[in-house]
Amino acid sequence: MNFALTDEQQMIVDTVRSFVETEIYPHENEVERTGFVPPELGQEIARKCKEIGFFGCNFPEEVGGAGLDHTSFTLVERELGRGSMALTVFFGRPSGILMGCNDEQREKYLLPAVRGDKFDALAMTEPDAGSDVRGMKCFAKKDGDDWIVNGTKHFISHANIADFVIVFIATGEEQTPRGPKKLITSFLVDRGTPGFEIRDGYNSVSHRGYKNCILTFDDCRLPSSQILGEVHRGFELANDWLYATRLTVAATSVGRARRVFDYALSYAAERKQFGKPIGANQGVSFKLADMITEIDAADLLTLSGAWRLDQGLPSNREIASAKVYATEMLARVTDEAIQIYGGMGLMDDLPLARFWRDARVERIWDGTSEIQRHIISRDLLRPLGA
Amino acid sequence: MKILVPVKRVVDYNVKIRVKADGSGVELANVKMSMNPFDEISVEEALRLKEAGKAAEVVVVSIGPAKAEETLRTALAMGADRAVLVETDDAVEPLAVAKILKGVAEAEKPGLIIVGKQAIDDDSNQTGQMLSALLGWAQGTFASKIELGEGKAKVTREVDGGLQTIEVKLPAVVTTDLRLNEPRYASLPNIMKAKKKPLDKKSPADFGVDTAPRLKVLKTEEPSGRKAGVKVKSVAELVEKLKTEAGVL
């Protein structure tokens, strides 16, 4: 057993952290204040990311990526987690699901996405279909070799900057022991396709400037050549890749928690009340002890999930554990950090309140805490027939 | 032409330095270490000269403990071609560093040595100048611009009150100042290649240098804390205080 990072991994961590500190931190306050990222700034971050060869680093070398293994890529995500998501989204990490592209789609979507010429987004959630993906209403009806799509998607992250969207759409229905379930197909939909519209979504309490969008399909005609993978196999395709995004949420939560902890630690050492640093009081120092213990635990859980993927071991349960633990840890750590700062922690002049607000969504998106617990317990109990 | 770039492993510039309780030095245990920022600038300049076709090879050298290999790997990940580690656990003073670098330069025969004007740990600002004297080469210190010509280099120097441009014959030693360039990030492809690039290990004895200290550190202490300021009510009062109390007007 060896917990040390390799020299390469350490340099990856140092480089990404330095990138985030230099290229992301200075713009965070402005993005937070305006809820807006100027397009030139986003392009500049993407350009610098390409320049240092990190763009699409989660993709294999044969499609132009850097071929990082899961562990190294999780470290990249962890360090990016320190920065504002509205800005780090430009540090291109296209959806791994694009590896399902066929030869023709490869030229049009996969390769440009890895090169950074096109940005992608991924759309699954609907107003009436959150965790219940197979209850979705957005429907595609076959018409010759085409499909006619009608319906709405919402909460679609960063679709505002996407050139195309990977959309999961019902294409049929099947009877299951738990009632009728939709058969789902994944489509590649270009921005500008007639009948397809990308609109601004809601204002969220978390991650200001990182937009969520509403997608509408109004008799939108898509040829069969836009299908990613096979007809009716979209749910399986998604499940093959969704664990990776859960691990991403765990990793970014760990990175952000460490940044928050640095604030809390230095404040506890510097802030003096009653003639001594507040950290000299056990009420504060024990908070710090608990915070760092939880952060380290979440870090190890997350990295071991990535390591399991690299070993080809079953990792669904372990990744769900990492996701639920890291995101709930982040909630506790950001909350305690504010407690250590007292009133000042709530003011816009410091980023503590932002970290605290941003933490809230992590327990919800990419599978709520409840869904993660369901995955974990199902994995344990199903083999026992329960 | 070959460019030699000495790099030093120092306490990271973001670290809040703490003096050891016994005053014998600063706390180095569990402290983040990085490449001296001025040396990063030197590596960057060497790489730019290579990319512009003015140099064929960039060799980095570090003198220090085995851990200094990490610093060299960082330079290799930035794009340097080859590294030399002169390994020693002793504290090496500027004169000994300059003597060792002289030995490295005689072995490597670079056309140019680009070195940081100082290291941010001891702030000596001596190594480049001593090295140039030992080698009998020209020196251009505190460079904010370097232009290479045939057998010579034009160096713009940051001096008190402005800039001074001098021409030096090659080979030469140039020390870098903060405004020379902005160092690049290590690129992912270069990070992956860094481990495979050659790194030679040497010892000070290989160059016949005795590193025994000539200086004795008597005491290390923290700078005194900043005193609280005062608020003034008006510009007139400010000017008055600047004249009478601060004595700067």
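I started with the record: UniProt, in an unreviewed entry, lists residues 6–117 of chain A as "domain: Acyl-CoA dehydrogenase/oxidase N-terminal". I kept in mind that this is a predicted model.

Next I looked at how that stretch is built. Residues 6–117 of chain A come out as 62% helix and 0% strand. I also noted that the C-alpha atoms at its two ends sit 31 Å apart.

Then I turned to where the two chains meet. How many residues does each chain bring to the contact? I got 17 from chain A and 14 from chain B.

For size, I looked up the buried area: about 1300 Å² between chain B and chain A, with 66% of it from carbon and sulfur atoms. On the chain B side, Tyr185(B), Leu188(B) and Ile191(B) stood out, as they supply 53% of what chain B buries against chain A, more than any other three residues.

I went on to the polar side of things. There are 2 residue pairs in polar contact between the chains, both at pLDDT 80 or more. The salt bridge count is 1. Which side chains make that salt bridge? I found Lys195(B) and Asp7(A), at 3.7 Å from N to O.

Last, I checked which helices of chain B touch chain A. Both α2 (68–78) and α5 (188–194) supply at least two residues each to that side. The biggest giver is α5(B), with 5 residues. Sorting the chain B side by class, I wrote down 8 nonpolar, 3 polar and 3 charged residues.

Key: Residues numbered from 1 in each chain as written. Chains lettered and ligands numbered in written order. Predicted model: local features only at pLDDT ≥ 70, side-chain atom pairs only at ≥ 80, totals over all residues. Heavy atoms only, no water. UniProt positions renumbered as here; feature names shortened; annotations may be inferred. Helix = DSSP H or I, 4+ residues; strand = E, 2+ residues; numbered from the N terminus. Contact = heavy atoms within 4.5 Å. Buried area = accessible area lost by both parts, 1.4 Å probe. Salt bridge = Lys/Arg side-chain N within 4 Å of Asp/Glu carboxyl O. Polar contact = N/O pair within 3.5 Å; in protein donor to acceptor, adjacent residues only side chain to side chain. Nonpolar A, V, L, I, M, F, W, Y, C, P; charged D, E, K, R; others polar.
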